[in-house]
Amino acid sequence: MDGHFVPNMTFGAPVVTMVRPHVERPKEAFGRGTFDCHMMIAEPKKWVKDFKKAGADLYCFHYEAALDSTAAESPEETSDKKTSPKELIKYIHDQGIRAGIALKPKTPVDVLYDVLNNDNKDEMVLIMTVEPGFGGQKFMPDMMPKVEALRKRYPELNIEVDGGLSEKTIDVAADAGANVIVAGSAVFGADDPSQVIAKLREAITSRRHVRE
Ligand SMILES: O=C(CO)[C@H](O)[C@H](O)COP(=O)(O)O
């Protein structure tokens, strides 16, 4: 979060660098230990290399930001050229990491149909189930048709949901086809976080939307 794309700020690549050595690298694509960096920032292309160097396995940018941001490849650089969502996915893959593309609640899902590759093995889509910027908001069930549409069209795509996920809302998300869950308050506010994580995981694995 950069205080521009969203009205809040969080940490950057130096924190990722410090945490990375304490978490074993994933043994397979999207596996345990994946550092999935959700970039709620206005200039997503500028930070890909820094986050890759810091240890990100997956760089997830916002579609809305990539529509109107620079093609410059570092924070120090300027460029008159623009990037685009499709170009940025390719650029992230060229850096040797996986790409995620996030949609804010008001952005329709069909904008992605010309952006995603036919082979989705190195991609993920994040459907925001709150307006990005703050934890502790209410889950928006009206985002589920977007998840359903993606799951129908891309059976093997990793589909992430973020915002208001808990034991109360997980079944709706899992039934719609989400298989990657971001949960803040429900986990960090729990007496037993591992129990909550286990329940969320069970809701997803019992649906098995992604073929193994
Ligand atoms: O970053 C977010 C919004 O920008 C996430 O929604 C948030 O971190 C998840 O928190 P919660 O589970 O409390 O909704």
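Here is a short chat about the ligand site and the aromatic rings of a predicted model.

Student: What should I know about the model before we start?
Tutor: It's predicted, so local features need pLDDT of at least 70, side-chain atom pairs count only at pLDDT 80 or more, and totals for chains, interfaces and linings use all residues. Residues are numbered from 1 along each chain as its sequence is written, and side-chain values use heavy atoms, with hydrogens and water left out.

Student: What makes the Gly136 backbone a polar contact of the ligand?
Tutor: A polar contact is a pair of N or O atoms within 3.5 Å (within protein, one must be able to donate a hydrogen and the other to accept it, and residues adjacent in sequence count only if both atoms are side-chain atoms). A backbone N or O atom of Gly136 is 2.8 Å from a ligand oxygen atom, so that pair fits the definition. For Gly184 the value is 2.7 Å.

Student: Why is the pair of Phe51 and Tyr59 called edge-to-face?
Tutor: Rings of Phe, Tyr and Trp (its six-membered ring) pair if their centres lie within 6.5 Å; planes under 30 degrees apart are stacked, over 60 edge-to-face, the rest tilted. Here the centres are 6.1 Å apart and the planes stand at 70°, so edge-to-face it is.

Student: How do you know that Arg153 sits over the ring of Tyr113?
Tutor: The rule wants NZ of Lys or CZ of Arg within 6 Å of the ring centre and within 35 degrees of the ring normal. Arg153 lies over the face of Tyr113, 3.8 Å from the ring centre. Lys104 does likewise over Phe5, at 4.6 Å.
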